[in-house]
Amino acid sequence: MAMWKKAALVGLVWMVALAGAACGGDDDTGALAAGGDRLRIATTVAPITSIVANIVGDRADVEGIVPEGTNSHTFEPKPSVAELLSDADVVYINGLVLEEPTRELAEENLKDGAEIVELGTLTLPEDEYIYDFSFPKSEGKPNPHLWTDPTLARRYAEIVKDDMSKRDADNADYYAANYDKFSDLIDELDAAMRESFATIPNRELLTYHDAYAYFAKTYDWKVIGAIQVSDFEDPTPAEVADLIDQVKAEGVPAIFGSEVFPSPVLEQIGREAGVKYVDELRDDDLPGEPGDVEHSWLGLMRFDYITMTEALGGEASALKGVELRNVAPDTAKYPQ
Ligand SMILES: [Zn+2]
């Protein structure tokens, strides 16, 4: 759809929504409009917390649930998280079946009028879900890592902007302005990624944790494989032997582990295939510490894609030229 048509359609939907709100008597945003209270937002993994923080800035309270450095795919929230969930006005989660225990706890505890918004599920139609070795279709859990693809992360930000503008209409202009700046930041990152990736002789990826499937599709990379099996155990010796053969045959100079999932198996594959093993990719653990400028969704993207580019023999100066920043003050809480 042409951009202007889309914009016109969104405008129309808004006019209808506003007309509805004007006619309606008891809308559930009344408490905010009347009292001027800040909305309380709960989020799950740190990259989503950072994207939400870039849109809402200091106009709402944002608190993450999944501690950084833990396995978000098997994470079970402590019962004490129920307190935050019972007070939240909105819970932004990834969805695509990533955070079921947290989603269930939220459903049991949400107050009246509060909602769970699944950013990933709203971003991608079901026929574009990717299933693979680590996320087989038979288990009904699609690969959930949409946020490592900046073009999809932009959509997360847009959904947050639209949703928050409804919940907190007084600040709608602020959220829209932040979204525009965040979208510009994504344009800049996207261009730098393409420029850096163009210098890589072979854009082929073997990772341990399978967090780059959508990214690979958008940026024309070939995913040779991911090692981690769906129950987060190690692959069988036969599968490892196949991967060693495959890495040798493809001639890639490096394979990638994840700092959250130390992998002796991937180390072994690297050693036996005679390629470099880089064990520091991150998919939901932001670099640095809360308060650092690299501790952000942009910092995460820039770190991963510089790491991949350089390990595969490319030149990452375009990516290094992207200035680390948030487009609004990040006042979110990131559990560690
Ligand atoms: Zn992951």
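1. A good place to start is the largest nonpolar core, which has 79 residues; such a core is a set of buried Ala, Val, Leu, Ile, Met, Phe, Trp, Tyr and Cys residues joined through C-beta atoms within 7 Å. Buried here means 20 or more other C-beta atoms within 10 Å of a residue's own, with C-beta atoms placed from the backbone. Ile41, Val52, Ile55, Val56 and Tyr92 have the most contacts inside this core.

2. Please keep in mind that this is a predicted model: local features need pLDDT of at least 70, side-chain atom pairs count only at pLDDT 80 or more, and totals for chains, interfaces and linings use all residues. Residues are numbered from 1 along each chain as its sequence is written. The protein chain averages a pLDDT (the predictor's confidence in each residue, from 0 to 100) of 90, and 89% of the residues score at least 70. Over residues 1-35, however, pLDDT stays under 50.

3. Back in the core, Val52 touches Ile41, Thr43, Val62, Tyr92 and Val160, leaving aside residues up to four places away in sequence. Contact means C-beta atoms, placed from the backbone, within 7 Å.

4. Now to helix packing. The axes of helix α8 (residues 172-197) and helix α3 (residues 46-56) come within 7 Å and cross at roughly 125°. On the α3 side the contact is made by Asn54, Ile55 and Val56, and on the α8 side by Tyr175, Asn178, Tyr179 and Phe182.

5. Helix α12 (residues 297-311) packs against α8 at an angle of about 5°, the axes being 10 Å apart. Leu185, Leu189, Met193, Ser196 and Phe197 of α8 meet Leu298, Met301, Tyr305 and Thr309 of α12.

Terms used
Axes are lines fitted to C-alpha atoms, for helices over the stretch in contact, and angles run from 0 to 180 degrees between N-to-C directions. Helices (H or I, at least four residues) and strands (E, at least two) are DSSP runs, numbered from the N terminus. Two residues are in contact if their C-beta atoms, placed from the backbone, lie within 7 Å. A residue is buried if 20 or more other C-beta atoms lie within 10 Å of its own, exposed if 12 or fewer, and partly exposed in between; C-beta atoms are placed from the backbone.
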